[in-house]
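Visitor: I am new to this structure and would like a close look at one residue in a loop. Please start there, and then place that residue in the whole.

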Amino acid sequence: MITETLTEQKVAFRPIAENEPDWLYDLRSRAWDYFQEAEMPSQVEHLWKYTKPKWFMPKEIEKKMSVLPVASEIKDEEIAPLKPEFAAFGCNHGDRITYTQLSEELKSSGIVFEDIQKAITNHPDLVQKYLGRLIGYDFGKFEALNMALFNSGMFLYLPPNIELEKPIYMHRHPDDKYNIPRLLVVVGDNSKATIIDDYAGKANDRPYNANCAVEIFGGQNSQIRFVSPQNLYKESRSYVTQRAQIDQHGRMFSIFVSLGSDVSKFNLGTILNGQGAYSQMLGILFGDEKQHFDHHTMHHHKAGESFSNIDFKVVLKDKALSAYTGLIKIDEKTLNCEAFQENRNLLLNKGARAESIPELEILNDQVRCSHGATVGPIDPEMVFYLKSRGYSTDEAVRTIVAGFIEPLLTAVPEDLRQMMQNMVQFKLNNGTGE
Amino acid sequence: MSDKKTVFSFSDIHVEVGGNEVVKGVSLDIKEGEIHAIMGPNGSGKSSLANALAGHPSYEITGGKAMIYGKDLLEMDATERALAGLFLAFQYPLAIPGVTVANFLRAAVKAKHGGDEEALRSFRKNLKEKFKLLEVDTSFATRYVNDGFSGGEKKRLEILQMAMLDPKIGILDETDSGLDIDALKVVSKGINSVATGKNGLLLVTHYQRILNYIKPDKVHVMMNGKFVREGGPELALELEEKGYDWIKAENQQAVEV
Ligand SMILES: Nc1ncnc2c1ncn2[C@@H]1O[C@H](COP(=O)(O)OP(=O)(O)OP(=O)(O)O)[C@@H](O)[C@H]1O
Ligand SMILES: [Mg+2]
């Protein structure tokens, strides 16, 4: 196999751009070495118990070694004007250069929203300050690969004291190659933003593999709402590592919706880095056919009086599988934290399978903490009750599933709820062939 | 005798659940506007019969015939039976978390009336009326179906559902159990509002009390999976007074002879 010989033999590491800064070249070459030397993750390790690492290994990786970003296929004059409902819009296909649009008001605000490669050239100090600080070159084998060879993505920097009413919409489409996107988001102190990271793959219907890293920094008193719908093409594989870090009294609200891809492994974590930091994560996963999902979430309380809550709901039909591990970590000296975690799984038929593994590393006892997990089939008595009122079996199942998700949707801020509802509804209807 | 049409009838119905035969050949004929009551000791098979007739997959009808307005009930699944006009008010109504009463009923009305715009347009008004009729607080419209409802509230909501769906035949499984005295009156009012003209009702009950409000045409006594006696409303009074032992004894003799 190409991939195996490659990890043994060393390939000379080349810069991604002619004017690449030294610090980045160093960081990337260290990452490359790490990637070469690191063992494949062992499947004995709990995080890899259900998913084979080799599914995410690229073929013909040497081709990626010196790939420069390709110009966007869309010419400037073809770009539609920014929709009035968004503060900014970014579009990224495969390993092409991202194009971004800002609303008039934002242009003079000091906001940076650019293709990540361009940002390295235009704002090297800013990028250097944040890139790789949460997902470093030695985070793990696949994260190292991303750091070494990322060649597409976006950089968003929101200076302090800016409150955006409208969301920033990011449209990210992997294509039919091995994609290595990277997203870096920095929201300054007292700033407020809603970011929709639409990670979807309808650009073309050819299988692809994607290795994605997302780093998010929330300053003091910042408020970030990060909405992350994943609707990748059904034949694709996707490996995503996301880390957010929230400073004093900052608030992070993240929603992830996992609907697409054949195999997806998501590692989603928020670090409560400052006193009184707050994080709420909501997750909805809906799988069918032979979809394989492997989600890991983490809330790491590094500062006292911080709050975290995760509610992750999973619906599976056909032969779909979901493995979920949820970690709550509270450090020894971080007192008076509250941390809650709940994962419920609803199985619509016999072939579907769900695993749920809560993990707690709580090193002091001045905390309030709870976690719960349930895995269960759809209740046939409920189906009968609805059928006895004239519902078809399909309608009954859909109604029960919608009811299962409902409490989570009510927790979604009102302005984002309709979007979530539409996504879930679409998959629900699709799932029954209507 | 009467030239009234039969709404609902079944004959020689046998039901198996969990590998046991719990209903052993029962027959009944309900004509338009008629109310029948079934009474009988615990475990005699009343709910099994009701569930089986409504199409519950765990209650298998292993023999007999059942017709609703001349159509073969046993050919239909639970959905089709409901759409043909059969309604079961459950002895133990189930909670459907996350689904509001209003949405739940809107979908049921839509299923019944298909594309009939008028029925959907008048849905709100109709729902309001039924809330009033059953003296249910309108806040229940946005509560999740039976989720956290008290026993009596659940029963009230079953009848509210029935009133909304206006079925041809309502099978009420111990709707009166767990209702306080005032609630019983209100719920009876709701039941009577459905039992008009062409509809039929089959009431499963332990107490003759409800029959003070709802006048049955016939009372059937069920024991050990069979109807062992049939009479008018006076039979209910007699049962209330004497219990079931005397019927048991009579039946015993009949078998021995
Ligand atoms: N789902 C089931 N699985 C196994 N056995 C059942 C089931 N449902 C009913 N049975 C059995 O069938 C018999 C009849 O029960 P059923 O509930 O029909 O009685 P009932 O006349 O409605 O009693 P009650 O007055 O207490 O409500 C009982 O022996 C009961 O245990
Ligand atoms: Mg019963």
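Guide: Take N336(A), which has a relative accessible area of 40% and so counts as partly exposed, the class between 20% and 50%. Everything said here concerns a predicted model, and N336(A) is described from that model. In chain A, the residue sits in the loop that runs between strand β17, residues 321–330, and strand β18, residues 337–347. Its backbone is worth a look: the phi angle of N336(A) is near 60°, a positive value, and the residue is not a glycine.

H249(A) can be set beside N336(A). Its phi is near 55°, again a positive value in a residue other than glycine. H249(A) also belongs to a loop of chain A, here the one between β11 (237–246) and β12 (251–258). With a relative accessible area of 45%, H249(A) is partly exposed, because that value falls between the 20% and 50% limits.

A third loop residue of chain A gives a contrast. S103(A) is found between β2 (99–102) and α3 (104–107). Its relative accessibility is 10%, so S103(A) is buried, the limit being 20%. Setting aside neighbours within four places in sequence, S103(A) is in contact with L82(A) and A87(A). A80(A) is 23 residues away from S103(A) along the chain, and the C-alpha atoms of the two are 13 Å apart in space.

These three residues belong to chain A, so the next step is that chain as a whole. Chain A holds nine helices and 20 strands, β17 and β18 on either side of the loop of N336(A) being among the strands. The radius of gyration of chain A is 21 Å, which agrees with a compact globule, because such a globule of 434 residues would have a value near 22 Å. Along the principal axes, the C-alpha atoms of the chain fill a box of roughly 70 × 50 × 50 Å.

Of the 434 residues in chain A, 59% are buried; S103(A) counts as buried, whereas N336(A) is partly exposed. About 17,700 Å² of chain A is exposed, with carbon and sulfur atoms supplying 49% of that area. When contacts in chain A between residues at least 6 apart in sequence are considered, 83% of them join residues at least 24 apart. Chain A carries 47 positive and 59 negative charges, and the mean positions of the two sets are 4 Å apart.

How far can the prediction for this chain be read? The mean pLDDT of chain A is 90, and 92% of its residues reach 70 or more. Residues 1–11 of chain A have pLDDT below 50; this stretch has 19 contacts in the model beyond near neighbours in sequence. Where pLDDT is low, predicted coordinates should not be read in detail. For the complex, the predictor gives an ipTM of 0.96 and a pTM of 0.90.

Chain B is the remaining topic. Its mean pLDDT is 93, with 98% of its residues at 70 or more. Its secondary structure consists of nine helices and twelve strands. Chain B is as compact as a globular protein of its length, because its radius of gyration of 18 Å is close to the 18 Å that the globule rule gives for 257 residues. The box filled by its C-alpha atoms, taken along the principal axes, is roughly 60 × 40 × 40 Å.

In chain B, 51% of the 257 residues are buried. The accessible surface of the chain is about 11,900 Å², and 48% of it belongs to carbon and sulfur atoms. For contacts in chain B between residues at least 6 apart in sequence, the share joining residues at least 24 apart is 69%. The chain has 32 positive and 36 negative side chains, with the centres of these two sets lying 6 Å apart.

One residue of chain B can stand opposite the loop residue that opened this answer. I159(B) lies in helix α6, residues 151–165. Its relative accessibility is 0%, so I159(B) is buried, being under 20%. Not counting residues up to four places away in sequence, I159(B) touches A89(B), L134(B), L172(B), T175(B), V187(B), G190(B) and I191(B). G178(B) is 19 residues from I159(B) along the chain, and their C-alpha atoms are separated by 14 Å.

Notes
Residues numbered from 1 in each chain as written. Chains lettered and ligands numbered in written order. Predicted model: local features only at pLDDT ≥ 70, side-chain atom pairs only at ≥ 80, totals over all residues. Heavy atoms only, no water. Helix = DSSP H or I, 4+ residues; strand = E, 2+ residues; numbered from the N terminus. Rg over C-alpha atoms; globule rule 2.2 N^0.38 Å. Buried < 20%, exposed > 50% of the residue type's maximum accessible area, 1.4 Å probe, protein only. Contact = heavy atoms within 4.5 Å. Areas by Shrake-Rupley, 256 points an atom, 1.4 Å probe, with all protein chains shown as cover. Lys, Arg positive; Asp, Glu negative; His and termini not counted. Charge placed at Lys NZ, Arg CZ, Asp CG, Glu CD. pLDDT = per-residue confidence, 0-100.
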